[in-house]
Structure formats: structure tokens, C-alpha cells
Amino acid sequence: MTGSVLTIEVYSDVVCPWCYVGKRRLEQALESTGREESALVFWRPFQLNPTMPKEGMDRRVYLEAKFGGPGEMQAIENRISGAGASAGIEFAFERIARTPNTFDAHRLIWFAQQQGRQDAAVEDLFHGYFTEGLNIGEHDVLVSLAARAGLDGAAVGRFLQSQDGIEAVRQEEARGRQLGIRGVPYFLLNGKTVVSGAQPVETFLEAIEQTTR
């Protein structure tokens, strides 16, 4: 099943826990089909909070306003934590103090693609935010995580201070809206097969089979 080309575009946001779970489930499906090395995976931007202030905001205030009181929020986090544990992710929501503006994180992901380190950068952004509670809206945090992912930290610092990647990320976001994407994660296989949401591994396997047969 490894003969035909498989390209996967993943629209996601690095503050979306289901996107992290979806990443793991996709990886499990690719591994079980022997495509973990040959599949071309591209991470595309989708800001869940495009109007978030540049400095972000208190996470608990933001989520309670969005989902209701602390009881509702705790129930949601418990459900996500269970899904994460089954996928090998240790969510540590109690460590996260702020919900950041993620535009610069998406710029970093775009930059990492040019350097051939995109998946590593996405992984470290997810882990940094959800397991370590780092504020991925801050440039110094992004530089540190980029270096961890094998990128040149100084080059990333210069990039973030520039205007590079801004228009490219906006165009990629606009394409997602043109595709009708309203929520993430959203997986587009070979430009034709869609998996929407952090679906079970079996759903990804079916989509890969359908796309490559």
C-alpha cells in the first residue's frame, strides 16, 4: 500500500487540543499502513481566535466565557484528557495561564516548512503549550521551541521580527475559508478526500485506502 503518492494538508491551530489528538491518530494510521516516511504532510493555518489580542488573555476567563462556568470547562477538559491519554498525550491544562494569539506561531510553522522541519515544529508547539504550559504567543518562547525542533534560533528570531510570512499565512488561511472549513482539525488527502475532526484511527485508514487505491 506504499506505492501511490499521498499528500495530506492539515488545517489546525496550535491551541486546539483536538488538533493535537488528531495529529497522533493520523500518525498511527500512517504507521500502520507503512506510510509514515513517504506521506507528505503539510500543516496549514486556521486561527480559532483571529481577533485575540496580540498579548493573549487569561485562559480561564476566556474559556469560561466561551463554554460556560468552571464545571462545563472541567468536563470538556476531562474528556480531552481521556482522548489524549489514549493517544499518548499528557495534557496539563492546569499549567496553561494564557490563551495566546497564534498568528506568529503559524508564521513559524510556515517558516519551518521552508526548512524541512515543519512537523517537528508543530509537535514542539503542541507539546510546549499543552504539556509544558508555555505561552506560545511570545517570540522568545517561539524561538526556543523552534531551536528544539532543529531550526536556527537566531534565524527564527530575525524572521519573527520581520514581515516575512505574514501575507503567505493570510493567503493560506483564506484558502481554508474558501474550502468551507469552519472547525479544525481538518485533513485533506490528495486534495480530494476529507477527514474532519479528530476521528478514530480507523477513519483515517479508510480515508487513506479510498484516496490511494
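By a cavity I mean a set of grid points where a 1.4 Å probe fits but cannot get out. With that in hand, here is the structure, which is a predicted model.

I will start with enclosed space. The structure holds one cavity of 30 Å³ or more. The volume of the largest cavity is about 30 Å³. Its lining is made up of Trp43, Arg44, Pro45, His106, Ile109, Trp110, Gln118, Val169 and Glu172. Three elements give two or more residues to that lining: strand S2 (40-45), helix H4 (103-114) and helix H8 (166-178). By type, the lining residues are five nonpolar, two polar and two charged.

Next, the open pockets. The largest pocket comes out at about 420 Å³. It has 24 lining residues, and Val15, Cys16, Pro17, Leu48 and Phe67 lie nearest its centre. Helices H1, H2, H3 and H5 each give two or more residues to this lining, and H2 has the largest share, with five residues. The residue types here are 17 nonpolar, four polar and three charged.

The second largest pocket holds about 320 Å³ of space. It is lined by 17 residues, and those closest to its centre are Glu36, Ala39, Val41, Trp43 and Asp119. At least two lining residues come from each of H1, S2 and H5. What is the make-up of this lining by residue type? It divides into seven nonpolar, three polar and seven charged residues. Note Trp43, which lines the largest cavity and is also among the residues closest to the centre of the second largest pocket.

Now the core. The largest nonpolar core has 56 residues, and Leu125 and Ile136 have the most contacts inside it. Helix H5, residues 118-130, contributes the largest share of this core, seven residues. Which residues does Leu125 touch, leaving aside its neighbours within four places in sequence? They are Val14, Ala105, Leu108, Ile109, Ile136, Leu142 and Leu145. Ile136, then, is a contact of Leu125, and Ile109 from that list also lines the largest cavity.

On to the rings. There are 13 aromatic pairs in the structure. One of them joins Tyr20 and Phe91 in an edge-to-face arrangement, with 6.0 Å centre to centre and 90 degrees between the planes. This pair links distant parts of the chain: Tyr20 sits in helix H1 (residues 17-32), while Phe91 is in the loop between H3 and strand S4 (98-99), 71 residues apart. Are these two residues buried or exposed? Both Tyr20 and Phe91 are buried. They also belong to a cluster linked by ring pairs, made up of Tyr20, Trp43, Phe91, Phe93, Phe126, Tyr129 and Phe130. So Trp43 turns up again, this time in the ring cluster.

Last, two loop residues. Pro53 is in the loop between S2 and strand S3 (57-58). Its relative accessible area is 33%, so Pro53 is classed as partly exposed. From the C-alpha of Pro53 to that of Thr99 is 9.7 Å, with their places 46 residues apart along the chain. Gly68 is in the loop between helix H2 (59-67) and helix H3 (70-86). Gly68 counts as partly exposed because its relative accessibility is 27%. The C-alpha atoms of Gly68 and Ala207 are 35 Å apart, at a chain separation of 139 residues.

That covers the cavity, the pockets, the core, the rings and the loops.

Terms used. Residues numbered from 1 in each chain as written. Predicted model: local features only at pLDDT ≥ 70, side-chain atom pairs only at ≥ 80, totals over all residues. Heavy atoms only, no water. 1 Å grid on protein atoms, 1.4 Å probe; cavity = no way out; pocket = protein on both sides within 12 Å on 5 of 7 lines; lining within 4 Å. Points joined across faces, edges and corners; volume = space filled by probe spheres on them. Helix = DSSP H or I, 4+ residues; strand = E, 2+ residues; numbered from the N terminus. Nonpolar A, V, L, I, M, F, W, Y, C, P; charged D, E, K, R; others polar. Core = buried A, V, L, I, M, F, W, Y, C linked by side-chain atoms within 4.5 Å. Buried < 20%, exposed > 50% of the residue type's maximum accessible area, 1.4 Å probe, protein only. Contact = heavy atoms within 4.5 Å. Phe/Tyr/Trp six-rings, centres within 6.5 Å; stacked < 30°, edge-to-face > 60°.
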